[in-house]
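Reader: I am new to this structure. Please take one part and walk me through it closely, then show me what lies around it.

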Amino acid sequence: MKQLKDLTRPNIWNLSPYSCARNEYSGKQATVYLDANENPYNSPLNRYPDPLQTELKAKVAHVKGIPAEDIFLGNGSDEAIDLVYRCFTRPGLDNVVAISPTYGMYKVCADINDVEYRPVLLNDKFMLDADKLLAACDGNTKAIWLCTPNNPTGNNIGKDAVMKILDTVEGIVVIDEAYSDFSKERPFRYEIAKYPNLIVLNTMSKAWGCAGIRLGMAFANAEIINLFNKVKYPYNISSLTLKYAVGAMNDPFEVDKWVKIILQERARMIEAFNMLPVCETTFPTDSNFFLAKMKNADEIYKYLLGKGIVVRNRSKVTLCDNCLRITVGTKTENNELLAALRQY
């Protein structure tokens with residue numbers, strides 16, 4: 001890869017980050033806090049949270065098998081996505097390349113940051129063609145966006161193709177593994193020591209059942225993490241989020257149980273969908289959802305809304321004509337969906 005300094009926006013590389021009060025005495029013991037203009041009452045919410053989330057990162061490091069210095073924690077994965085643009089891309093000059101279809105925030109953040117976004121279609125099996133994607137890159141391509149398992153298609157997009165990109169691209173490669181806990185494939189986060197240009201995203205919103213606390217993760221070499229920490233807002237993770245996340249990380253076996261149940265329900269739902277007259281086919285998935293091609297997705301979507309059942313209509317998404325994306329719920333919720341579709 002290119003040197004990280006050459007990939008980083010010059011103003012970001014030279015940035016002197018805001019030094020918050022909690023950073024200045026990091027590593028020292030303190031009992032009296034008169035440094036941050038906080039109200040001395042209403043403990044513990046009167047105090048600013050740890051800006052670098054030391055306790056939680058130690059928990060994440062243990063659970064995910066990644067050194068704490070290689071972990072960034074953000075306000076959802078979307079914060080890390082935006083930081084890629086803010087750290088590495090020059091507005092109006094650089095571009096990024098991404099698979100299509102995929103998670104929509106990659107393009108939204110590109111548009112917000114005035115960066116050209118180059119989508120490259122997956123094949124008819126929703127798999128990645130590495131040569132096709134590499135052909136879309138040029139000297140101003142600063143980042144590649146890959147989501148695997150992919151959203152909205154649900155499938156792993158092809159490990160060999162991803163590895164070819166990692167072995168070829170000189171810029172930043174971002175692999176979003178939001179759904180990796182539902183996949184049997186070895187997570188790419190274990191490759192960050194080998195590839196200094198690799199950033200792997202993860203989240204507590206999916207397998208961990210904590211979408212409401214808005215906690216995302218990025219795994220990368222410490223140099224990239226340090227860049228993210230320079231640019232992020234000083235106290236980007238609230239005390240309440242930290243408390244709930246630490247509690248969740250204390251019981252990863254509960255998450256394993258949830259994942260097993262969801263995978264069992266996913267198999268049952270796919271089998272049932274393939275027997276529905278209104279369903280033409282379902283696509284292979286490695287996630288907690290599946291994509292189903294329907295006979296009239298728009299009308300079925302409206303019908304389900306009338307029944308109080310919300311799924312995601314992906315009909316207008318590239319390669320997903322007449323498709324609904326179905327999240328696997330509880331057995332009761334899944335049965336309610338199936339009953340409604342059988343009555344359609």
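Author: Start at Arg312, whose bridge partner in β11 is Arg325. This pair belongs to a predicted model. Two bridges join β10 to β11, and the two strands run antiparallel.

Now widen the view to the sheet. Four strands form it, in the order β8-β9-β11-β10. The sheet is open, and the pairing is antiparallel. β8 (279-282) and β10 (312-313) stand at the edges. Each has a single partner strand, so one side of each is left without a neighbour in the sheet.

Step across from β10 and you reach β11. Four of the five residues of β11 are buried, so this strand is largely enclosed by the rest of the structure. Next comes β9. Five bridges join β9 to β11, again antiparallel. One pair to look for is Phe289, with Thr327 as its bridge partner in β11. On the far side, β9 (residues 289-294) meets β8. Three bridges hold that antiparallel pair. Cys279 is matched there with Met294 of β9. Helix α11 (residues 252-273) packs on the sheet. This helix touches β8, β9 and β11 (323-327). Its direction makes about 5° with that of β9. A general point helps when you look at side chains here. In a regular strand they alternate between the two faces of the sheet.

Leave the sheet and go to a pair of helices. Two packed helices are described by the angle between their axes and the distance between the axes. Take helix α5 (residues 76-88) and helix α9 (residues 222-231). Their axes come within 10 Å and cross at roughly 95°. That makes α5 roughly perpendicular to α9. From α5, the contact uses Ala80, Leu83, Val84, Arg86, Cys87 and Phe88. From α9, Ile224, Leu227, Phe228 and Val231 take part. By class, the residues of this contact are nine nonpolar, no polar and one charged. The spacing along a helix is worth keeping in mind. An α-helix has 3.6 residues a turn, so residues three or four places apart point the same way.

How enclosed is α5? Eleven of its 13 residues are buried, so α5 is largely enclosed by the rest of the structure. Among the buried ones are Gly76, Ser77, Glu79, Asp82 and Tyr85. Ala80, Leu83, Val84, Cys87 and Phe88 are buried too.

Phe88 leads to another residue. It is in contact with Lys142, found in strand β4 (residues 141-147). At 8% relative accessibility, Lys142 counts as buried, because the cut-off is under 20%. Leaving aside neighbours within four places in sequence, Lys142 also contacts Asp6, Leu7, Thr89, Arg90, Asp94, Asn95, Gly171 and Ile172.

Cys87 leads to the cysteines. The structure holds zero disulfides. The sulfur of Cys109 has its closest cysteine sulfur in Cys87, but 12 Å is too far for a bond. Cys109 is buried, with a relative accessible area of 3%. Cys137 is in no disulfide either. Its nearest cysteine sulfur is that of Cys147, 18 Å away. At 23% relative accessibility, Cys137 counts as partly exposed.

Last, the backbone. Most residues other than glycine have a negative phi, and most peptide bonds are trans. Some places here depart from that. A cis peptide bond joins Ser100 and Pro101, with omega about 5°. Pro101 sits in the loop between β2 (95-100) and α6 (105-112). Another cis peptide bond joins Thr148 and Pro149, with omega about -5°. Pro149 is in the loop between β4 and α8 (159-168).

Two residues to check for phi are Gln53 and Asp114. Gln53 is not a glycine, yet its phi is positive, near 50°. Gln53 lies in the loop between α3 (21-24) and α4 (54-64). Gln53 is buried, with a relative accessible area of 2%. Asp114 is not a glycine either, and has a positive phi of about 55°. Look for Asp114 in the loop between α6 and β3 (116-121).

Key: Residues numbered from 1 in each chain as written. Predicted model: local features only at pLDDT ≥ 70, side-chain atom pairs only at ≥ 80, totals over all residues. Heavy atoms only, no water. Buried < 20%, exposed > 50% of the residue type's maximum accessible area, 1.4 Å probe, protein only. Contact = heavy atoms within 4.5 Å. Pairing = 2+ DSSP bridges. Axes fitted to C-alpha atoms, helices over the stretch in contact; angles between N-to-C directions. Disulfide = S-S within 2.5 Å. Parallel < 35°, antiparallel > 145°, perpendicular 65-115°, else oblique. Nonpolar A, V, L, I, M, F, W, Y, C, P; charged D, E, K, R; others polar.
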